[in-house]
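These questions concern how two chains are arranged and how they meet. Please keep the sequence and the structure at hand.

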Protein chains: 2
Amino acid sequence: MTEQQLFELHANICQTLANPKRLEIITHLRDSEKTVSELTEAMQISQANLSQHLALMRQKGIVTARREGLNIYYRMSNPKIIKACDLMREVLLENLESGAVLVGTARP
Amino acid sequence: MTEQQLFELHANICQTLANPKRLEIITHLRDSEKTVSELTEAMQISQANLSQHLALMRQKGIVTARREGLNIYYRMSNPKIIKACDLMREVLLENLESGAVLVGTARP
DNA sequence: AATCTATATTCGAATATTAGAATATTCGAT
DNA sequence: ATCGAATATTCTAATATTCGAATATAGATT
């Protein structure tokens, strides 16, 4: 495992966090596991699209799933992810307060 | 500023970290500022491409730059970014040890 | 076994990102 | 003012991501 490969895997994790809906999923899973239905109801997103995001997060090891009857419960697989997100959010808020311009989703 | 907008800006920060070269830049800037030349020599990357990455990181508030004569020194704008990266790296290493499959840059 | 409910997968078009190539800018020295 | 060194920008083709639409699967219920 070269350092370059580690950077690539690390970038993969960041990439998985780099989506507003997935970040919202993470905040919903912050304190407790949730079913897909619960998430669908809590968010403004289609069930299919939510399932796509969850599949991606599963494959990257961000969340884990367990089935219970018809429902599938998702939870964060590692609380450090939440910590990392919190830190980035702090940075964001500090930058906003200091008047930095961070708008725009397209490449600047 | 709605919660949705915050998620988008947050995703923007994650997106900016979601590239192996940019993560490598961050590790090079971990302890001290560096000039573009120093970074170009330390990494396997063209000067033009490095400059592109630095511009993106500047615009997202990840790094800041100061000129001194011909050289431009870059440094991390907020140590919390480094902390967040460290946490994600820890998660990555833990996942690797537990045998998770996280390979592949393409969409899984 | 037929059916219903919850969830997942596949496909495709629109959009975004990446890195190389070429070129431009900025500053210091002569 | 011109030149050279350091850095930045623009353009572009290749590649990757996103989300809706349609469809598929797994388990419960009758």
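**Helix H1 and the contact between the chains**

The buried residues of H1(A) are covered by elements that include H2, H4 and H5 of chain A, together with helix H1 (3–17), helix H2 (20–28) and helix H5 (79–97) of chain B. This is a predicted model, in which local features need pLDDT of at least 70, side-chain atom pairs count only at pLDDT 80 or more, and totals for chains, interfaces and linings use all residues. Residues are numbered from 1 along each chain as its sequence is written, and chains are lettered from A and ligands numbered from 1 in the order in which they are written.

Q: Which element gives the most to the side of chain A that touches chain B?
A: In all, 37 residues of chain A are in contact (C-beta atoms, placed from the backbone, within 7 Å) with 36 residues of chain B. Helices H1 (3–17), H2 (20–28), H4 (47–59) and H5 (79–97) of chain A each give two or more residues to that side; helices are DSSP runs of H or I, at least four residues, numbered from the N terminus. With twelve residues, the most is given by H5(A).

Q: What kind of axis relates chain A to chain B?
A: A turn of 180° and a shift of 0.0 Å along the axis lay chain A on chain B with an RMSD of 0.0 Å, by least squares on the C-alpha atoms of residues with pLDDT of at least 70 in both. That relation is a two-fold axis.

Notes: Contact = placed C-beta atoms within 7 Å.
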